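Colleague: I have a few things to ask about this one. Can you put it up on the screen?

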Amino acid sequence: MTKILFLANNSTGLYAFRNELLLILKDEGYEVVVSIPDDEHRKDIENEGIRVIHTGLDRRGMNPIRDFNLVFEYRKLLKRERPDAVLTYTIKPNVYGGFVCGRLGIPFISTITGLGSAFEKKGMVQKLVIFMYKVSMKKCSCIFFQNAENKVLFEKLGIIGLKTKLVGGSGVNLNYHKMADYVGHDKNLTKFLYVGRLMKEKGIEEYLYAAYKMHKKYGSKVSFATLGYDDDNYLEIVKNAQDEGIITAIPFHKDVRPFYAECDVLVQPSYHEGMSNVIMEAAAAGRPVLCSDISGCRELVDDTVTGFVFRPCDGEALFEAMNRFMNLSFEERENLGNAGRIKMEREFDREKVAESYLSKIKSIIITSNDLAISHPKSPK
């Protein structure tokens, strides 16, 4: 049986955004194995008949010793499992998993889900990340990019694989994220929602700035909420804002659908994205979106049609976008949400994204098998 191995940096992202691909491959008759560093969704994945292997990985750390150990772990894993093809996601599986696959001659597909904070840092850290990507991607069968800007940047930096492909992010599961009725919302209260980690690069500072200013202007006619866990020491700042009655801080929830249904508009003030899953989910629920005018967001929001875009890293620009939204009628807001749902159905259906991966995997395996027949290994 043909074996496909996934290397991921956490089970939550794998299960939330790539589970459809796992199941499609399984239904196609492939043996599917996943390597993850945590057990958050291990049982969920195993219950679907997919084998899970624990591999230690520090998602955000830059400890060279730990990262060096990850190379050895991946090498042992790949030599033991002997997969026919490997799929890697996010920077460490891409870089270290890709490097090992290249050395062992295993076909692999890497997905650039965004540049990440390590890539954004200037100086030696950025140079090191670029160098590692160059080395690890040389033999990549296909690099999947989630937005055109990342693709152009990688090509400019000389980070190239054997082939590249552009897809609409991870797509959105339209059966899970159903349209949520807009009727019945309190027309005297506009609810703004931020979904994501509480960190600078996700725009939490701009969101808080705009929330304070909106409260000063509109008082009890507006409410603001954050949904997510602290990832950059913003817990105290957010708690202070909550104590002042500016926002409601909601802890991380596995199921975000009720929160999309309750809000009037999603706010995504991020500095950089691969392709924002949060925007896709909210739009699929029929919610208008206010987002930064950056790659990974602007592709998902048609300005003035499904929401508003604003200058990134600019709290005043976000405030102006919120103010514009406040001046819309109930019907105009509802129309934005309806248009967002239609856009998701037309352009970002996750099943279509999964089919793109399946097609490429089949092509790679056929090519690999043809090469094996043409150049058989000499008997030992």
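Modeller: Here we go through its cysteines, backbone, helices and sheet.

Modeller: Keep in mind that this is a predicted model.

Colleague: Cysteines first. How many disulfides does a search of the whole structure find?

Modeller: Zero. A disulfide needs two cysteine sulfurs within 2.5 Å.

Colleague: Why is there no bond between cysteine 291 and cysteine 297?

Modeller: Their sulfurs are too far apart, because the gap is 4.9 Å. For cysteine 291, cysteine 297 holds the closest cysteine sulfur.

Colleague: And cysteine 313, how far away is its nearest cysteine sulfur?

Modeller: It is 11 Å away, and it again belongs to cysteine 297. Cysteine 313 is in no disulfide either.

Colleague: Which of them is buried, and which is partly exposed?

Modeller: Cysteine 291 is buried, with 0% relative accessibility. Cysteine 313 is partly exposed, at 47%.

Colleague: Backbone next. What is odd about the phi of threonine 90?

Modeller: It is positive, about 70°, and the residue is not a glycine. Most residues other than glycine have a negative phi.

Colleague: Where is threonine 90?

Modeller: Threonine 90 is in the loop between strand S4 (85–89) and helix H5 (91–104). It counts as buried because its relative accessibility is 17%, and the cut-off for buried is under 20%.

Colleague: What about threonine 304, what is its phi?

Modeller: Near 70°, so also a positive value in a residue other than glycine. Threonine 304 lies in the loop that runs between strand S12 (289–292) and strand S13 (307–310). At 46% relative accessibility, threonine 304 is partly exposed.

Colleague: On to helices. How many residues does H13 have, and what does it span?

Modeller: Helix H13 covers residues 315–326, twelve in number. From first C-alpha to last it reaches 17 Å, close to the expected 16 Å.

Colleague: Is H13 mostly covered or mostly open?

Modeller: Mostly covered, with nine of the twelve residues buried. Among them are Leu318, Phe319, Met322, Phe325 and Met326. Gly315 and Asn323 are also on that list.

Colleague: What sits at the start of H13?

Modeller: Aspartate 314 does, with a side-chain oxygen within 3.0 Å of the backbone nitrogen of glutamate 316.

Colleague: Now H7. How does its span agree with what it should be?

Modeller: Helix H7 (residues 124–137) has 14 residues, which should span 20 Å. Its end C-alpha atoms are 20 Å apart, so the two agree.

Colleague: Which residues of H7 are buried?

Modeller: Gln126, Val129, Ile130, Tyr133, Ser136 and Met137. They are on the same side of H7, because they cover an arc of only 140° around the axis.

Colleague: And what is exposed on the other side?

Modeller: Met124, Lys127 and Phe131 are exposed there.

Colleague: Last topic, the sheet. What is the strand order in the open one with six strands?

Modeller: The order is S10-S9-S8-S11-S12-S13, and the pairing is parallel. Strand S10 (248–250) and S13 are the edge strands, each pairing on one side only.

Colleague: By how much are neighbouring strands turned against each other?

Modeller: By 20° on average, with direction ignored.

Colleague: How many bridges join S8 and S11?

Modeller: Three, in the parallel sense, between strand S8 (residues 190–195) and strand S11 (residues 265–268).

Colleague: Which residue stands opposite tyrosine 194?

Modeller: Valine 267, in S11.

Technical notes
Residues are numbered from 1 along each chain as its sequence is written. This is a predicted model: local features need pLDDT of at least 70, side-chain atom pairs count only at pLDDT 80 or more; totals for chains, interfaces and linings use all residues. Side-chain values use heavy atoms; hydrogens and water are left out. Buried means under 20% relative accessible area, exposed over 50%, partly exposed in between (1.4 Å probe, protein chains only). Helices (H or I, at least four residues) and strands (E, at least two) are DSSP runs, numbered from the N terminus. The expected span of a helix is 1.5 Å times one less than its number of residues. A polar contact is a pair of N or O atoms within 3.5 Å; within protein, one must be able to donate a hydrogen and the other to accept it, and residues adjacent in sequence count only if both atoms are side-chain atoms. The arc is that of the directions from the helix axis to the C-beta atoms. Two strands pair if DSSP finds at least two bridges between them. Axes are lines fitted to C-alpha atoms, for helices over the stretch in contact, and angles run from 0 to 180 degrees between N-to-C directions.
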